Amino acid sequence: MTTAETQSGLIDKARRVLPGGTFGNFPGDIVIREGRGGRVWDENGKEYVDFLLGSGPMLVGHAHPDVTAAAQARIAEGTTFFANNRYGIELAEAIVAAVPCAEQVRFVSTGSEADLYAMRAARAFTRRDKILKFEGGYHGMSDYSLMSLAPKRPGNFPQPVPDSAGIPKSLRDEILIAPFNDLEVAAGLVREYRQELAGVILEPLQRIIPPAPGFLEGLRRITAENGVLLIFDEVVTGFRLAYGGAQEYYGVVPDLCTLGKVIGGGFPLAAIAGRAEIMAHFDRSAVGDDGFMMQVGTLSGNPVAAAAGLATLAILQRPRAYERLFATGRELMGTLAELLKKRGIAAQVTGEPPLFDVVLSPEPVRDYRGTLRGNADMMRRFNALLRERGILKGEQKYYVSLAHTPEDVRYTSNAWVSAIELLGT
Ligand SMILES: Cc1ncc(COP(=O)(O)O)c(C=O)c1O
């Protein structure tokens, strides 16, 4: 530790030097000092059960000794080379062995990049331009992805609503939007635009909304029938819903997927993976100048990140790792649903055991517009009450860690009881 600056001093400093006083990811009213296992501490020394998990990467817990040792060993030998390194090659091999659609892998540094290049690969392979995405689906920050992620006033399908200033108007013509879990609408659009459509991209578990029975299977069928690529964004679900990701968990195999978060073990690393004939478009010698898609990145396949990722995957492969993760998540989801019900608060606890949240709505949530029917004010208050009680989470997600202990679960239940007591009063 260098200076003993207080949290409020750091917050003031952040307000001066960072727009909005934050890195842009999370409110700047908290500064995290350190994390271990399923807990983090802020700069005031206040302890939290951590369901933010760094927005997902820390599935095996903060500062896991195996991951730390693997990263430290690499750091001592030099931290980046641009050329191939052993750890990146071995991580690619591990991804190919684990993920059903993955015959080959291309590394990048962030999930946003992975999604951008997956869409580019679909365009290069099909020689068509348009991409279909689902309203409320998140695929990172590229101009193409930031369409109808969180429209305040949802538009008419399939017209996209850009989520950000600075997105060229012309790109609106390249993206089609459909409602999640509505196979009929998506299938209609795939058929109507088949001559122009390169791919359909989706989060198989969209934020915290599971796919309705038959939805993923139907998309697989309709895209295959029309020569359109199916892209699963598994930046969140990869190695989390199962070792083979959502495609293993839900039993539907896409043409391409993107991975991030868990595979970097807490360091910046992400990937595009998929069928070899599509991945060939990253290789000029395989497809020639016309089909070649340009893609380079200074830190792609970084050895520290790859070694941390490999150490993380080794932990996830231990016996009963996913059983334990799911048991913790199931207990948390069940407890939260029961407590809200007892208090008479209309609520849907939704997601899958490794990641979930509640939507304070009387109706089941099937799509983005369903989430808008939730009581957002009460949700904000709930999250704020939980923060006061030592629970750290994102606005709309509890990420469960393999490192969360029965004591963490008990602590969380007590915080829920006390916060729910005050909700609606
Ligand atoms: C489903 C999904 N795709 C892509 C991304 C973007 O990843 P990154 O933040 O690494 O750019 C995220 C980030 O949360 C995500 O949740």
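**Entry 1: a strand pair.** I looked up strand 5 (residues 130-134) and strand 7 (residues 197-202), which pair in the parallel sense over 3 bridges. Within this pair I located Leu132, which stands opposite Val200 in strand 7. I note that the model is a predicted one.

**Entry 2: the sheet.** I then asked in what order the strands of the open sheet run. I read the order as 4-10-9-8-7-5-6, for 7 strands with mixed pairing. At the edges I find strand 4 (104-108) and strand 6 (175-178), each of which pairs on one side only. From one strand to the next, I record a twist that averages 20°.

**Entry 3: a helix on the sheet.** Which strands does helix 3 touch? I find that helix 3 (residues 86-98) packs on the sheet and touches strand 4, strand 9 (256-259) and strand 10 (270-274). The direction of helix 3 makes about 130° with that of strand 4.

**Entry 4: a pocket.** I turned to the second largest pocket and noted a volume of about 390 Å³. Its lining comprises 15 residues, and I list Phe82, Asn84, Phe107, Ser300 and Gly301 as the closest to the pocket centre. I also checked which elements give two or more residues to this lining, and they are helix 3 and strand 4. Helix 3 and strand 4 had already appeared together in my notes, as helix 3 touches strand 4. By residue class, I record the lining of this pocket as 7 nonpolar, 7 polar and 1 charged.

Definitions and conventions: Residues are numbered from 1 along each chain as its sequence is written. This is a predicted model: local features need pLDDT of at least 70, side-chain atom pairs count only at pLDDT 80 or more; totals for chains, interfaces and linings use all residues. Side-chain values use heavy atoms; hydrogens and water are left out. Two strands pair if DSSP finds at least two bridges between them. Helices (H or I, at least four residues) and strands (E, at least two) are DSSP runs, numbered from the N terminus. Axes are lines fitted to C-alpha atoms, for helices over the stretch in contact, and angles run from 0 to 180 degrees between N-to-C directions. Contact means heavy atoms within 4.5 Å. On a 1 Å grid over the protein atoms alone, a cavity is a set of points where a 1.4 Å probe fits but cannot get out, and a pocket is an open set with protein on both sides within 12 Å along at least five of seven lines; lining residues have an atom within 4 Å of a point. Grid points are joined across faces, edges and corners, and a volume is the space filled by probe spheres set on the points. Ala, Val, Leu, Ile, Met, Phe, Trp, Tyr, Cys and Pro count as nonpolar, Asp, Glu, Lys and Arg as charged, and the others, Gly among them, as polar.
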